[in-house]
Amino acid sequence: MIKYLATPGDSWQLVLHHNILQYGYIATGEPMAGLEDCTAVIDPAGRLHIVATLLNKRLIYARWQGHRWESSELPVNGSVLGFVLDSRRQPHLLLEEASRSEIVHLYLDGNRWQRQFLPFNLTAPPLLFKPLLLGRLFFAGQDASRERQLVFLTIFDPATGWQVPRPIIGAEPGNKIYAYWFEGYLYLLSWHSREKDYSLFLYVVDPEKNTLRRLCPGTTVDLPDDRPVLLAKEKTLLFLWTSSNRLAFCLSQDGGSTWPPPQSAYFFFPARIKAVEGPDGPSTRQVVFTKISGLEPDWPLVINFEPLFSLCRAVLVNPDSRNTPFKQ
């Protein structure tokens, strides 16, 4: 049995299969007007937290309390660069102040907003800004204030503040870098332009041991359309992205020790994807298709790790085959 029930503001989907009832609920809220931008995160209880930028650059923080919104105006105006909840569900923001063009760290301590300047230069939005245990935050960022672009990492501790930043790699200014976290490791993806194509570089950082591995799995013809997604389970890591609406991927089946060359495939073409955001940041178990086989559904389609990995692995089984629509 499958049944859909809807009113103008709410809808339910009921599925009865093998004596088990599954259901989904969607509530359509009232539109919010007068916004220039907004960003949102979700906490482990499934409640939404939003920071809205008004047209006059004022910032409003709002959180859903299960039956109503609770909101307050932030004491700083400007642009939001980063927004995360710590393990205690307290919000932390990195803001570029409108009045002085400086970046500040704003966080809620009890019922009061605390404001502090960052003890490092930051010339781009964070590469990675995620919660750790005990209210700590992990941060990876970029400083291009000198001739060379520097990627660094640091940790915020509510008891001691920000640690001294630790440099990781240097890169040519303008090179796009993407950062990911899985099982205690930081992964950095970067494409470097060559004469006719692009070299894909992968950096694997162990922040605890302060070690770095630099790999070059291969080349691609095009740059990603948007930020790649990392899907992972146990020892399998799968970077997935689209180039010119065609799915592309690079995967490792031994915990990241070896990486076959990146490949592209025509399944779901044309397609576009994005990460599924969770309480700890982007999910490594699901990806959302905002376009799939040329269709752009009103509610994007979420696909789990297993079927996507199976498709990508099938392409790698016969890497030299020619009569297949999957091989680039």
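Here are some worked exercises on the structure above.

The model is predicted, so local features need pLDDT of at least 70 and side-chain atom pairs count only at pLDDT 80 or more, while totals for chains, interfaces and linings use all residues. Residues are numbered from 1 along each chain as its sequence is written, and side-chain values use heavy atoms, with hydrogens and water left out.

**Exercise 1. The core**

Task: Find which residues touch the most other members of the largest nonpolar core, and which elements each supply at least two of its residues.

Solution:
- Start with the term: a nonpolar core is a set of buried Ala, Val, Leu, Ile, Met, Phe, Trp, Tyr and Cys residues joined through side-chain atoms within 4.5 Å. Buried means under 20% relative accessible area, exposed over 50%, and partly exposed in between (1.4 Å probe, protein chains only).
- Next, the members: the largest core has 21 residues, and Leu-231, Leu-240, Phe-249, Val-287 and Phe-289 touch the most other members.
- Then the elements: at least two residues each come from strand 21 (229-233), strand 22 (236-243), strand 23 (246-252), strand 26 (281-291) and helix 1 (305-317). Helix 1 gives the most, with six residues. Helices (H or I, at least four residues) and strands (E, at least two) are DSSP runs, numbered from the N terminus.
- Finally, zoom in on Phe-249: leaving out residues up to four places away in sequence, its contacts (heavy atoms within 4.5 Å) include Leu-240, Trp-241, Pro-262, Cys-312 and Leu-316.

**Exercise 2. Two ring pairs**

Task: Classify the ring pair Trp-12 and Tyr-23, then the pair Phe-267 and Phe-268.

Solution:
- Recall the cut-offs: rings of Phe, Tyr and Trp (its six-membered ring) pair if their centres lie within 6.5 Å; planes under 30 degrees apart count as stacked, over 60 as edge-to-face and the rest as tilted. The search of the whole structure finds 22 aromatic pairs.
- Trp-12 and Tyr-23 have ring centres 5.9 Å apart and planes at 45°, so this pair is tilted. Trp-12 sits in strand 2 (residues 10-17) and Tyr-23 in strand 3 (residues 20-27), 11 residues apart. Trp-12 is partly exposed at 39% relative accessible area, whereas Tyr-23 is exposed at 59%.
- For Phe-267 and Phe-268, the centres are 5.8 Å apart and the planes at 75°, so the pair is edge-to-face. Phe-267 is buried at 9%, and Phe-268 is partly exposed at 22%.

**Exercise 3. Backbone exceptions**

Task: Locate the cis peptide bond, and place the positive phi of Arg-89 and of Ser-293.

Solution:
- The cis bond runs from Phe-269 to Pro-270, with omega near -15°. Pro-270 lies in the loop between strand 24 (263-265) and strand 25 (272-278).
- Arg-89 is not a glycine, yet its phi is positive, about 65°. Its place is the loop between strand 8 (78-85) and strand 9 (91-97), and Arg-89 is partly exposed at 39%.
- Ser-293, also not a glycine, has a positive phi of about 50°. Ser-293 lies in the loop between strand 26 and strand 27 (301-304) and is partly exposed at 45%.

**Exercise 4. A charge over a ring**

Task: Name the ring that Arg-227 lies over.

Solution:
- Apply the test: NZ of Lys or CZ of Arg must be within 6 Å of the ring centre and within 35 degrees of the ring normal.
- Arg-227 lies over the face of Tyr-180, at 4.5 Å from the ring centre.
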